[in-house]
Amino acid sequence: MRLLLFGPPASGKGTQADQLVHDMAIVQVATGDLLRAELASRSPLGLAARAYMDRGDLVPDALIIEMIAERLLRPDCAKGFLLDGFPRTVPQAEALESLLATLSMTLDSVCYLDVPTEMLVRRAGRRLICSSCGRSYTRGPRGGMPAGCQVDGAPLVARDDDRPAAVRRRLEVYLEHTLPVLDFYRNRGLVTRIDGTGTAEEVSRRLLEALLPRLATPRADPDRQDAVLPRLVLEREVQARPVARDLPVLDRHVEPRNLSDSEIA
Ligand code: AMP
């Protein structure tokens, strides 16, 4: 199964990706996480990317495409993967299509997490990430945040690019460069829109329910192990719900409205 999770900044892609890769037994390939790891190791790519990331701008396509090609060629991607945060421009989407073609692969589905803009800005202001593993946590409207990462106990910190000015810039960049990628995939009949509002559990359930028919279509070859395994997982999951899941996300639906910088920060 080869999936793409598409959506604006702070739409919950990271949280949903964590859950989906677990449910589908595939690996997550998140360009933001890959870049943050490069930054942490002070590699030449990390140092080149830093200024773009701090401003909320896109890192140049050539750097991203080289990084993703290297990642997708690793053996753990052979049985399927979930792309998160890539492609973010039409040239990146075209490069991905060429790369997959050389590997005799195609994408199975593009899931578009649709969240109103006002809610995105607010969510980014309430987000902290684990300083060690990068897992994302979003405070509910009435507070409530774990003292440390629920996976490894490391302190939670704000992302530099979640500052109000950078969030606004990232949203502008999304509208100008990334939204056209949706049409690229709509033209290929791959896009499923998912309502991204509500709790993480609600969105996760919608995602699984939307993916189930995709898995049953001829795109998913029944002889392929990577298609059969997630289908079994999915059927079990959908039948079993609603069962409370122990997700480390405390987000709740909030009404969109105009927000000032002080409310965001
Ligand atoms: P994310 O964690 O996906 O929000 O990404 C954080 C930052 O990394 C973005 O604001 C960009 O500066 C950079 N970035 C991540 N993925 C890409 C991409 N596919 N193309 C260009 N820049 C990216």
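This briefing covers the aromatic contacts and the first helix of a predicted model. The structure holds 3 aromatic pairs, one of them between F6 and Y174. Helix 1 spans residues 13-24 and is largely enclosed by the rest of the structure.

**Aromatic contacts**

- The rings of F6 and Y174 lie 6.2 Å apart, centre to centre, and their planes meet at 45 degrees, which makes the pair tilted.
- F6 belongs to strand 1 (residues 2-6) and Y174 to helix 7 (residues 164-186), so this pair ties together parts that are 168 residues apart in sequence.
- F6 has 4% relative accessibility and counts as buried, because the cut-off is under 20%.
- Y174 also counts as buried, at 7% relative accessibility.
- Together with Y112, F6 and Y174 form one aromatic cluster.

**Charge over a ring**

- R188 places its charged end over the ring of F184, 3.7 Å from the ring centre.

**Helix 1**

- Helix 1 has 12 residues, which at 1.5 Å a residue should span 16 Å.
- The end C-alpha atoms of helix 1 are 15 Å apart, which agrees with that expected span.
- Of the 12 residues in helix 1, 9 are buried, so the rest of the structure largely encloses this helix.
- The buried residues of helix 1 include the charged-type names K13 and D23 as well as L20, V21 and M24.
- T15, Q16, A17 and Q19 are also among the buried residues of helix 1.
- A25 follows helix 1 and has a positive phi, near 55 degrees.

Methods. Residues numbered from 1 in each chain as written. Predicted model: local features only at pLDDT ≥ 70, side-chain atom pairs only at ≥ 80, totals over all residues. Heavy atoms only, no water. Phe/Tyr/Trp six-rings, centres within 6.5 Å; stacked < 30°, edge-to-face > 60°. Helix = DSSP H or I, 4+ residues; strand = E, 2+ residues; numbered from the N terminus. Buried < 20%, exposed > 50% of the residue type's maximum accessible area, 1.4 Å probe, protein only. Lys NZ or Arg CZ within 6 Å of the ring centre and 35° of its normal. Expected span 1.5 Å × (residues − 1).
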